[in-house]
Every structure is written in structure tokens, then in C-alpha cells.
Amino acid sequence: MTKKAYAVGAAFLGPRFPGVLAAPKPSRHPILPHDGVAALFGSAAPQGRSALRVSLSILLFGAWVQICRGEEPPTATNAPAVVPAQAAPSGDRVAEFKRMSLDELMDQPVTSVSRAPEPFGQAPSAIQVITGEDIQRSGASSIPEALRLADNLEVAQINSHDWAISARGFDANLADKLLVLIDGRAVYTPLYGGVLWNVQDYLLEDIDRIEVISGPGGTQWGANAVNGVINITTKSAKDTQGLYLEAGGGNEMQDFTGFRFGSTLDSNVFFRVYGKYFDRGEEVFSDTGNKAYDAWNMGQGGFRLDAQPSTQNTLTWQGDYYSGGEDVKGLAGEGLAGGNILGRWSHTFSENSDLSLQLYYDRTYLAVPYPAYPAAPYFSGFPAGALSDNLDTYDLDFQDRFRLGERNQIIWGLGYRFTHEVDEDVSITRFAPPVLDQDLFSGFLQDQIKLHEKVFLTLGSKLEHNDYTRFEVEPSGRLQWNPTTTQMLWGAVSRAIRTPSRFDEDLEVLSGLGGVPPPYHLPTTYLVGNPEFNSEKCIAFELGYRAQFDSKVSGSISTFYNNYSDIRSISPTATSTYYPYPLPDVFANNLEGDTYGFELSANYQLFNNWRLHAGYDLLKEDIHVKSGEVDLDGGNNETADPQQQFSIGSSLDLARNLDLDTSLRWVDQFHMVQSPTDGPTLGTVPAYFELNAHLGWRVTKHVELSLTGQNLLHDRHVEYGFPNASQEAIVRSVYAKAVYRW
């Protein structure tokens with residue numbers, strides 16, 4: 001059993017949570033066993049070796065045929081013409097991005113800032129865009145790895161399958177202040193309000209872009225968009241026509257394979273289907289270098305259909321399904337599965353007026369095994385078992401955009417979400433009630449006011465009603481000045497909230513204690529939620545500047561000051577002569593504080609074939625206990641963030657159709673507690689440098705080969721976790737990949 005904790009939180013999030021039932025200090029709880037209820041799902045899935053061999057054979061055969069035929073890679077003069085009513089293959093789309101200049105990339109549309117298309121260079125927010133080309137050239141093999149390309153994020157790998165990802169702090173324990181969307185579908189879990197990164201996957205070839213906002217997005221996207229928004233958009237089926245095959249393997253990414261086929265059903269109806277499978281190897285323990293036995297695998301498949309029945313109407317219908325498992329030493333594997341289906345209708349009235357209606361259904365299933373705990377004096381013990389979480393989500397979203405007069409651009413919308421969650425009782429950890437239905441109603445209104453030809457003021461607010469805290473409001477004001485067509489200065493004031501999760505209000509971790517003679521009595525629970533838990537609140541002040549200085553240099557700087565109140569804390573129970581242990585620990589809202597800093601990003605087109613990118617972040621945090629209140633961890637549990645981080649990347653087109661991309665990153669040291677219930681003792685995660693490199697070769701217009709190395713500077717290094725025997729280190733990884741397109 002690994003050291004994952006907060007009982008359920010650990011159970012569903014992985015070893016980033018040192019056990020809720022983990023060895024409490026003797027003065028607090030001398031009886032409970034050390035391990036606690038463990039981490040994240042699993043159940044071994046069938047190995048994909050046969051599928052890999054078949055796919056790899058097809059790829060190599062295709063490459064051999066093309067080479068024998070003497071076909072050359074496409075150039076501007078020999079590339080095939082696009083067939084009418086059929087989109088160019090995605091490989092050609094990459095070439096299109098590569099031909100773009102920096103100022104053309106600044107004009108690429110983004111939608112996350114205002115929920116309406118606007119040029120990236122004129123979006124008044126701390127936003128960065130990861131393009132599909134960026135992902136392919138980086139050699140990333142997962143969405144979390146791709147997110148390392150965003151300078152304004154904190155990305156730390158915990159073990160083989162778990163990640164800690166946040167923006168502007170609070171990347172500790174249950175990170176729950178970052179909202180993530182995939183094609184308009186929110187992927188956070190109401191169990192604890194965060195994201196299960198290991199099950200957020202897609203065929204990376206078909207991701208169009210990832211928009212990353214650091215800073216509040218509650219006015220547009222609602223609760224949990226406190227410190228940032230990640231909006232992942234996949235390509236239209238029109239842009240993924242033809243056959244795509246990939247396969248490869250290495251020491252950590254042991255084997256993987258994927259396919260996609262896209263075609264037309266009619267002149268204006270496009271579809272694609274895809275599938276993928278991978279096996280990832282285990283990481284090692286940081287102190288000994290021994291295997292951590294956390295290897296895992298997952299398969300996923302899906303479809304997408306895009307239709308344009310008229311020039312004004314577009315329809316999208318898409319769905320995905322995944323299933324996999326993670327190894328747990330000494331126990332049965334942990335299981336995970338889920339799927340979703342989404343439909344969207346969009347109607348365009350004019351360039352400045354449109355509406356959309358979206359409906360999706362999402363289901364997730366998690367099954368977490370845990371060991372038996374033998375009985376002891378005054379301790380009942382617990383049998384081996386499993387905790388399962390079944391979540392069904394139904395979501396409806398409507399949005400309307402129109403111009404009012406010459407100066408006002410209005411966007412408004414309504415939303416409804418229904419969730420049905422079943423957490424089956426187990427002897428140690430449970431939720432009360434075990435079955436919970438929740439309704440979330442929302443509406444937002446936003447007005448962009450043209451004060452001057454170069455000055456715009458955007459005012460708006462989101463109003464939500466949830467079953468825990470009832471009505472919540474998230475207003476914002478954003479001022480934008482464009483002194484020239486290539487420069488923008490912006491400022492914003494926003495309010496954002498993080499609503500309670502089941503973890504905050506409904507959790508019960510049993511102690512198993514009892515049997516003492518009266519008048520003594522022992523606590524029956526170890527950690528419990530608080531039905532009076534309030535929403536966490538943030539008031540954010542931002543100021544930023546973005547510019548295209550000339551055809552070769554662009555950059556941005558974003559500064560921020562955030563004031564937080566009612567942040568989650570843990571309070572012990574009062575003791576007495578006949579009640580000697582300060583249990584249960586209870587969640588409360590006893591923390592407050594401030595964070596401030598800045599984010600700097602720059603691009604330099606050194607030559608036509610060589611582009612450089614650099615980023616630097618500074619974060620200062622002061623989260624403390626409210627006057628007259630108490631927190632078991634002294635205000636340290638909610639933050640585990642480096643004060644500084646720096647990255648520099650190089651993207652170079654070599655001769656003979658070779659691409660070489662490298663990325664060097666430095667992450668400052670940071671401190672974190674061992675467990676939310678272990679008190680304020682801090683451990684240090686050391687600073688580190690690491691280097692990733694990707695070499696790609698376009699053998700022909702149909703075949704590509706690549707070699708990727710990750711974390712090349714060290715045999716292993718630590719990115720997260722309290723320094724103890726269960727902390728894991730991330731090892732150097734190298735893998736090869738072959739791609740065939742037709």
C-alpha cells in the first residue's frame with residue numbers, strides 16, 4: 001500500500017496525499033495503522049503487446065513502400081491539392097502552423113477569455129496557447145506532459161500516473177482551484193473539486209490547441225475557476241480526414257499504439273473514429289532507487305462527427321470511452337473506467353452575433369482496493385475491501401452573443417448541471433449520505449463596452465446556485481487599452497469562489513476505536529467533513545502587457561495580487577479527562593492570506609527555421625491562520641509551490657526534413673507537509689534542472705519517425721512529495737515513435 005492519504009482524497013488522487021490513516025503522532029492517535037486508505041484506481045488490463053506489434057509492422061511496411069517508391073516529403077510545390085469538400089490531413093495543418101510568422105500566431109483566435117473568438121494578441125488576460133504543432137514537436141505523450149509547455153502553470157509529476165498541476169499557487173494535497181475543460185466539457189470531479197489527470201486523455205495528434213489562463217475565470221466559467229482555466233480544444237472532424245497510425249515504445253513509455261480514421265458521409269458531413277492504448281512503466285523510490293510498483297495502462301477510443309447543414313448552422317456530436325488499471329504493490333489493481341457523449345448546435349447570425357446550445361453526459365467509475373487492518377486492544381480492525389465511486393453528470397449550456405448598438409457587445413448564457421454520485425460504503429472510509437443527487441443552476445451576463453477606438457471595458461458576472469452554499473456571485477471588470485495594433489495593456493479586478501465538495505462536507509473516516517471502560521470513551525471517527533463548510537473566496541487584482549515588438553520578437557508580462565478568505569483548514573476536537581484524544585479532525589474555513597507575483601513570457605524568431613521561447617514565474621505566498629482560530633497544519637497544508645520557475649525552449653528545423661526541439665526547465669525548491677493530519681512539520685522538495693529533447697524525421701509525406709528523451713540530465717529526480725520512504729522519483733525516459741499518414 002502506498003502512502004496516499006486523506007483517506008478518500010488519497011484514495012482517488014494518489015501518493016501525493018500522505019495517508020489519512022498514516023501513522024499519526026503517538027500523542028494524537030497511538031493505535032491506527034500506518035498505511036491508511038490508498039490511492040488511485042487500477043485493475044490490470046490486458047497487455048497491448050500484440051496490438052503494438054501489428055501496428056508497428058504496418059507503420060514500418062508503409063515506410064518501406066514509400067521509400068522504395070521514391071516519394072519525397074511534401075514541399076510548397078509538390079504537396080497534393082486539397083480535394084474539395086475534404087480537409088487537408090493533419091500533417092499538412094502542422095506545416096501550415098510552421099509557415100506562420102510570430103505576428104500571424106498572435107492573430108490566432110482564442111475563446112477562453114470572453115467565451116467568444118478574439119485574437120490571442122488582443123485577449124486581455126494572462127493567457128498562453130499551446131498549439132497542436134507545439135505538442136507534436138515536444139514529444140509529449142500525455143496531456144499533463146503537454147501542459148509543461150505553458151509557462152504560467154505549475155506542473156509536477158508525482159509518480160507514474162499522478163500529477164500536481166495548478167496556477168498561481170495552491171498546488172498542494174487536494175488542488176481544487178483550477179477549472180479544466182475538454183471541448184466545453186468540465187472534467188473536475190465533485191468528489192473533491194479537482195482533476196484526475198490520469199484519466200484526461202486524447203489522441204494528441206487530434207488536439208487543435210490548449211488555452212491556458214492563469215487568473216480567475218469565474219465570471220465566464222463558474223466555480224472552481226479561481227486561479228486559472230485550462231481549455232482543451234480538439235480538431236474538427238473536417239481537419240482530420242484520412243488514416244493516421246502511430247506506435248512506439250521505450251523504457252518508461254513501454255509501448256503505445258494509436259489510430260484515427262476520418263472520412264465524409266456527405267459533402268458537408270465529416271466524421272472520425274480513433275483508438276489508443278499504452279503501457280507505462282513504474283517509477284522508483286527516491287531514497288533507495290527501488291521500483292515503486294506503480295506501472296499502469298489504459299485504452300481509450302471515441303468518435304466525432306461535424307456537419308454544416310447550412311452556412312449558418314453547425315452540428316457536432318462526439319464521444320469517448322476509456323478503461324484501464326494501475327498496479328498497487330501487494331493488492332489487486334485499482335480500476336478506472338468512464339465515458340462521455342456530447343452534442344452541440346451553433347447558429348451564426350453575423351460576424352458579431354451567434355448562439356450555441358450544448359448538452360453532454362459524462363460517467364466515471366473508480367474502484368480503490370485497501371488492505372485488511374488486524375484488530376488490536378481497543379481497536380476493532382478493518383477487513384480488506386474496496387471503495388468505489390460512481391458519478392453520472394448531465395450538463396446543459398446555452399450561450400447567446402450579439403451587438404447592442406455601436407459600442408456594446410453582449411454575451412449571456414444559462415446552464416444546468418445534475419450529478420448523481422454513489423459512493424459505496426466501506427468499513428474505513430465513507431461518505432454520508434452514500435448516494436447524493438445535486439443540482440447546479442447558473443447564468444452569466446457580460447458586456448464589452450467600447451469606450452474609445454482603442455479602449456474597451458468589459459463588465460460581467462456569473463450567478464450560481466448550488467446545494468451546499470446556495471447562491472454565489474462572481475463578478476469581474478476588465479479594462480483594455482490598445483495603444484497600437486501590436487500592443488495591449490490590460491487590468492482586471494475579479495471575484496472567484498471554490499464551492500464545497502463532498503470531501504469537505506460529507507467525508508467520514510472511521511477510527512475503529514472502542515471498548516474502553518466507562519467513564520472513558522474514544523473517538524469513533526478520525527477525520528470528518530463539516531456540513532457548515534463555506535465557499536473559499538478570492539479577490540484578484542491583475543495588470544498585464546502583451547506586445548508584438550517586431551516581426552521577430554513578442555512577449556508579455558502579467559502581474560497579480562490575490563486576497564483569499566475562508567480557505568480550508570483542519571481543526572482538532574477538544575479533549576477532556578475522559579476523552580483523551582483530540583479527534584476527529586474536522587474541516588473548517590480558518591485560513592486566509594495573500595499571494596502576489598508576476599509571469600513573464602517571450603518569443604524570438606532567431607531565423608526563419610529557428611524559434612526560441614522563454615518564461616519566468618515569481619510567486620510569493622502568505623497563507624496563515626485567522627486571528628483567534630486554529631489549524632492543525634499551521635496554514636501550511638494548502639500550499640506546496642515553488643517560489644520561482646524558469647524555462648527556455650528551442651524549436652529548430654534542420655536540413656533533410658529533420659526537426660529538433662529542446663526544452664530546459666528549472667523549478668525552485670518548495671516545502672510541504674507530510675499529511676493534512678500530521679501537523680505543521682515541513683519537508684523540502686529540492687530545486688532541480690531538467691532537459692527534454694525531441695528529434696523528428698519526415699521520411700516521406702506519409703511517414704515520420706521520432707526519438708524523444710525526457711528528464712535527460714539525471715537518472716532520477718524528485719518533483720513532489722514529502723521526503724520519506726514512500727516519496728517517488730521520476731526517472732530518465734527515452735522512447736521512439738513511428739507515424740504513418742494517408
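**Cavities, a short sheet and a buried threonine**

The largest cavity has a lining of 42 residues, and those nearest its centre are Tyr188, Thr189, Pro190, Leu391 and Thr393. Eight elements of secondary structure may be traced around this space, as each of them gives two or more residues to the lining: β7 (185-186), β15 (313-326), β16 (334-350), β17 (353-370), β18 (385-404), β19 (408-423), β21 (435-452) and β22 (455-466). The greatest contribution to the lining of the largest cavity is that of β17, with five residues. The volume of the largest cavity is about 630 Å³. In the structure as a whole there are eleven cavities of 30 Å³ or more. The model in which these cavities are found is a predicted one.

The chain as a whole comes next. Its secondary structure consists of eight helices and 39 strands. The chain has 742 residues, and 59% of them count as buried. Among contacts in the chain with a separation of 6 or more, 66% are made by residues 24 or more positions apart. The exposed area of the chain is about 28200 Å², and 60% of this is supplied by carbon and sulfur atoms.

One of the sheets can be followed strand by strand. Strands of a sheet pair through backbone hydrogen bonds, in either a parallel or an antiparallel manner. The sheet considered here is open, has three strands in the order β13-β38-β37, and its pairing is antiparallel. β13 (284-285) and β37 (716-717) are the edge strands; each has a single partner strand, so one side of each has no neighbour in the sheet. Between β37 and β38 (residues 728-731), which run antiparallel, there are two bridges. Within this pair, His717 is placed opposite Ile730 of β38.

A single residue in another strand gives a local view. Thr257 belongs to strand β11, which covers residues 253-266. Is Thr257 buried or exposed? Buried means a relative accessible area under 20%. Thr257 has a relative accessible area of 9%, and therefore counts as buried. The side chain of Thr257 also has a polar atom 3.3 Å from the backbone oxygen of Glu246.

Conventions:
Residues numbered from 1 in each chain as written. Predicted model: local features only at pLDDT ≥ 70, side-chain atom pairs only at ≥ 80, totals over all residues. Heavy atoms only, no water. Helix = DSSP H or I, 4+ residues; strand = E, 2+ residues; numbered from the N terminus. Buried < 20%, exposed > 50% of the residue type's maximum accessible area, 1.4 Å probe, protein only. Polar contact = N/O pair within 3.5 Å; in protein donor to acceptor, adjacent residues only side chain to side chain. Contact = heavy atoms within 4.5 Å. Areas by Shrake-Rupley, 256 points an atom, 1.4 Å probe, with all protein chains shown as cover. Pairing = 2+ DSSP bridges. 1 Å grid on protein atoms, 1.4 Å probe; cavity = no way out; pocket = protein on both sides within 12 Å on 5 of 7 lines; lining within 4 Å. Points joined across faces, edges and corners; volume = space filled by probe spheres on them.
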